[in-house]
Amino acid sequence: MMNVLIVDDIAENIYLLEAMLEGAGYGVVSARNGKEALKHLQEGTFALIVSDILMPVMDGFQFCRGCKTNPEWREIPFVFYTATYKEKKDEEFALNLGADRFVIKPQEPEKFLKIIKEVLELPRHRPETVVKDPSSDQTGYLSMHNERVTRKLEKKVADLRRVNQMLHNSEEKYRILFEESRDALMTMSPPGWNFASCNSATLRMFGVKDQAEFISFRPADVSPEMQSDGRPSADKSLEMLETTMREGHHFFEWTHQRLHGETFLCTVLLSRIEIG
């Protein structure tokens, strides 16, 4: 039996993929993000990887790059399956990283399984083929990755503005959009800038049981003392907040910390929302 590693942070998406693939006779192992998937690769053998792109902790682009720069995993067929990144440049970036296919969700089961079969039948380990190493151009990779993420963040800014309008027009619509977002969303209130609310994605990201527990923490409780650039988190967070209040929104990379002490890097978008 061929094992397939599927990577997606949405439980419903994992369920649908498991149903399709197991029904077709494949063994399936699932992961919620790229970092978790890399651990599975270290522990098992897989004939195929199917990965989403927009995920917390480590996104699909970073995960694919991690696979294709590792000699043990670079020949495993890799399929992106995404509903968020749909532009031609997204596909070009994905294929340049070494992915075999770039598939837009959703797909009918028969069509999706046909794609999987085609990818698995592609010749591998061809002596005449030189596999491009995405790490050979670190600056170029980071530039392209940041460009793709930035475009999505710009869309998030527009979405947040719409959310702000919804907040005035319909509290219920706002609540539904906030709670069902795939991104970790949280609100903070002045003057102390403590947490005021969060959604389920935030709870999963930090390993917290419920919103009441999360808002009992201070922002300093979910960040290490120092950031990766050597600056104290407290000083840097104040600077980020001041920039957000001045410019309306601000995005940047930040090292967070889960309750059990594990740190992880993520991209943060801060947006000022005025109520009243």
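Reader: How do you know that the end C-alpha atoms of helix α1 (residues 11-23) are as far apart as its 13 residues should span?

Author: The expected span is 1.5 Å times one less than the number of residues, so α1 should span 18 Å, and its end C-alpha atoms are 18 Å apart, which agrees. Helices here are DSSP runs of H or I with at least four residues, strands are runs of E with at least two, and both are numbered from the N terminus. A word on the source: this is a predicted model, with residues numbered from 1 along each chain as its sequence is written. Local features need pLDDT of at least 70, side-chain atom pairs count only at pLDDT 80 or more, totals for chains, interfaces and linings use all residues, and side-chain values use heavy atoms, with hydrogens and water left out.

Reader: What makes the buried residues of α1 lie on the same side?

Author: Asn-13, Ile-14, Leu-17, Met-20 and Leu-21 are buried in α1 (under 20% relative accessible area; exposed is over 50% and partly exposed in between, with a 1.4 Å probe and protein chains only). They cover an arc of only 135 degrees around the axis, so they are on the same side of α1; the arc is taken from the directions from the helix axis to the C-beta atoms. The face turned away from that side carries the exposed residues Ala-11, Glu-12, Tyr-15 and Gly-23.

Reader: Why is the pair of Phe-61 and Phe-80 called edge-to-face?

Author: Rings of Phe, Tyr and Trp (its six-membered ring) pair if their centres lie within 6.5 Å; planes under 30 degrees apart count as stacked, over 60 as edge-to-face and the rest as tilted. By this rule there are nine aromatic pairs. For Phe-61 and Phe-80 the values are 5.7 Å centre to centre and 70 degrees between the planes, hence edge-to-face. Phe-61 sits in helix α3 (residues 60-68) and Phe-80 in strand β4 (residues 78-82), 19 residues apart.

Reader: How do you know that Phe-61 is buried?

Author: Its relative accessible area is 0%, so Phe-61 is buried. Phe-80 also has 0% and is buried. Phe-61 and Phe-93 form an edge-to-face pair too, at 4.8 Å and 70 degrees.

Reader: What makes Phe-93 count as buried?

Author: Its relative accessibility is 4%, so Phe-93 counts as buried.

Reader: Why is the charged end of Arg-258 said to sit over the ring of Phe-264?

Author: The rule asks for NZ of Lys or CZ of Arg within 6 Å of the ring centre and within 35 degrees of the ring normal. The charged end of Arg-258 sits over that ring, 4.2 Å from its centre.
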